[in-house]
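Dear colleague,

Please find the structure below, handed over for your use. My notes on what was found in it follow directly after.

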Amino acid sequence: MSSEALVSKPESGHWTDAYPDLGRGPVSLEDCVSEEFYEREREHVFKKTWLYMGRVEQVPRSGCYFTRELTFLNTSIIVVRGKDGVIRAMHNICPHRGNKMLWEDDPFQEVSGRAPLLYCRFHGWRYHLDGSLHSATRQDLLLDFDADSCRVPAIQCEVWEGFVFVNLDPHNTEPLRSFLGELAHGIEGYPFEGPHQVYRFKAELQCNWKIFVDGFAESYHGPYLHASSFGSVTAEAREALNKPNPFTDALAYRLADPHRMYSFSGEPSRRTPYSKPIECVMEASAAGPWTKRAERGPLPPGMNPTRSEKYGFDSFQFFPNFVLIFGASGFTVHTHWPTGPHSHIFETEMYYQPPRTHKERLGQELTVTYLNDIILEDASPSEGLQAMLNSGALTHFTMNDEEILLRHLHKMVGDYVESGESAKGNSR
């Protein structure tokens, strides 16, 4: 499969023709309904790839930490900055008797804070920020005890452009930057560093994680599902529902196994004939606050690859579940965490420049309100879609040329599962 940037359609007029390995026919939906496939997906995808945990701004000083509850992988993770400034990750477990160390009232809620040592409240054992033992209580009771081997279990942890990732596979040898590949290299240099004004949204949805990722992998649905949210899109859709839409049709696709991106016009983050009165007052809309993109500096080469004047957004979807969306005024992170074959937790973090005025803050909050509504517009049909897939009435999806990223995701997940199962069989 080609990894070259695709900035214009092939002569045939079909994006899919650039990636013949993906095929054109129906795509099996078994990976969205099968409990057996879900178990294999957990084992061969999520336990063996780099997973996004958070940003470095969450651990700005030594001793700062936060936890992530990965219930579907049967673990809780501590991310902490050591006294040497290094960010590390480890399982949230005391090696003495297995107690979860960092928690407050509810042991299954994520926590954050700052401490000079990691402390287990069960028996009072303490550990350095690198996971090594600081002190054990009642050492007179310890028998044949090796203090040097008593460490909080470490997890591979690396940082890319301020994003903290972990890999739960103890046999992994691929560095994070190599795994993220050319797509990530093309957006390095974007002003990711803080300070940020951050807005967060989280929801548990009754649909397979891939179904919701699919909803953010094409803009084909924009004029129909989001008709009430995007004024310009709605107006264009009224004019011609079955013709190319300059606000939603893709500008470019790029597939770089196992990752993918697409660039599209989107609704402009500026006043249009369809702007709502509140948007004109706050100078903000669903596409973002009406600030000049130039204020953020020149774009890295991987963004807006067509250099289109109608450019609105780029969506970079890093396998398996880390999505970066760039708009006019900042960037948004999406992550998707399975909780079962028919459910998952969706998290989004929206990063903007700190507002300089009350009006800018209100403009950002207006945009976030729009985006939350749009996410909910995506959620309801996704849950209904899952319910109908579970009926067994269909066995395959029918996908068009603008849904090429959907084909790619389902193929990549299937390939990882098949490869993992094959490796298991050969090792027996």
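In helix α1, the buried residues are F37, Y38, E41, R42, H44, V45 and F46. This picture comes from a predicted model. Helix α1 covers residues 35-46, and at 1.5 Å a residue its 12 residues should span 16 Å; the end C-alpha atoms are 15 Å apart, which agrees. The N-terminal end of α1 is capped by S34, which places a side-chain oxygen 3.3 Å from the backbone nitrogen of E36.

After the helix comes a segment that carries an annotation. The unreviewed UniProt entry places the feature "domain: Rieske" at residues 50-166. Over residues 50-166 the model has 0% helix and 39% strand, and the C-alpha atoms at the two ends are 5 Å apart.

Aromatic contacts deserve a section of their own. With ring centres required to lie within 6.5 Å, the count comes to 32 aromatic pairs. In one of them, Y52 and F163 meet edge-to-face, at 5.9 Å centre to centre and with 65° between the planes. Y52 belongs to strand β2 (residues 50-55) and F163 to strand β11 (residues 163-167), so this pair ties together parts that lie 111 residues apart in sequence. Y52 and F163 are both buried. In another pair, the ring centres of Y190 and F326 are 4.8 Å apart and the planes stand at 65°, so this pair is also edge-to-face. Here too distant parts of the chain are linked: Y190 is in the loop between α2 (176-185) and β12 (197-205), F326 is in strand β18 (residues 322-326), and the two are 136 residues apart. Y190 counts as buried because its relative accessibility is 4%, and F326 counts as buried because its value is 0%. The residues of both pairs belong to one aromatic cluster, made up of Y52, W160, F163, F165, Y190, F192, F316, F318, F322, F326, F331 and Y351.

Two arginines sit over aromatic rings. R55 lies over the face of F163, at 4.5 Å from the ring centre. The charged end of R121 is placed over the ring of W103, 4.1 Å from its centre.

A third arginine, R68, is found in strand β3 (residues 64-70). Is R68 buried or exposed? With a relative accessibility of 7%, R68 counts as buried. A polar atom of the R68 side chain lies 2.8 Å from the backbone oxygen of M53. The side chain of R68 also makes a polar contact of 3.0 Å with the side chain of E110.

Turning to strand pairing, β7, β8 and β9 form an open sheet of three strands, in that order and with antiparallel pairing. Its edge strands, each pairing on one side only, are β7 (118-119) and β9 (133-135). Two bridges join β7 to strand β8 (residues 126-127) in the antiparallel sense, and L118 stands opposite Y127 in β8.

Further along the chain, strand β19 (residues 330-340) is mostly covered, with 10 of its 11 residues buried. β19 pairs with β18 in the antiparallel sense over five bridges, and the two strands form a hairpin with three residues between them. In this pairing, L324 has V333 in β19 as its bridge partner. β19 is also joined to strand β20 (residues 343-352) by 10 bridges, again antiparallel. β19 and β20 form a hairpin with two residues between them. The bridge partner of F331 in β20 is Y351, and F331 and Y351 are both members of the aromatic cluster described above.

Finally, some backbone features should be noted when you inspect the model. Most residues other than glycine have a negative phi, and most peptide bonds are trans. Which peptide bonds are cis? One is the bond from G194 to P195, with omega near 10°; P195 lies in the loop between α2 and β12. Another is the bond from F319 to P320, with omega near 0°; P320 is in the loop between β17 (313-318) and β18.

R138, although not a glycine, has a positive phi of about 50°. R138 is located in the loop between β9 and β10 (154-160), and at 51% relative accessibility R138 counts as exposed. E283, likewise not a glycine, has a positive phi of about 50°. E283 is in the loop between α6 (277-282) and β15 (284-285), and with a relative accessible area of 39% E283 is partly exposed.

With kind regards

Definitions and conventions: Residues numbered from 1 in each chain as written. Predicted model: local features only at pLDDT ≥ 70, side-chain atom pairs only at ≥ 80, totals over all residues. Heavy atoms only, no water. UniProt positions renumbered as here; feature names shortened; annotations may be inferred. Helix = DSSP H or I, 4+ residues; strand = E, 2+ residues; numbered from the N terminus. Expected span 1.5 Å × (residues − 1). Buried < 20%, exposed > 50% of the residue type's maximum accessible area, 1.4 Å probe, protein only. Polar contact = N/O pair within 3.5 Å; in protein donor to acceptor, adjacent residues only side chain to side chain. Phe/Tyr/Trp six-rings, centres within 6.5 Å; stacked < 30°, edge-to-face > 60°. Lys NZ or Arg CZ within 6 Å of the ring centre and 35° of its normal. Pairing = 2+ DSSP bridges.
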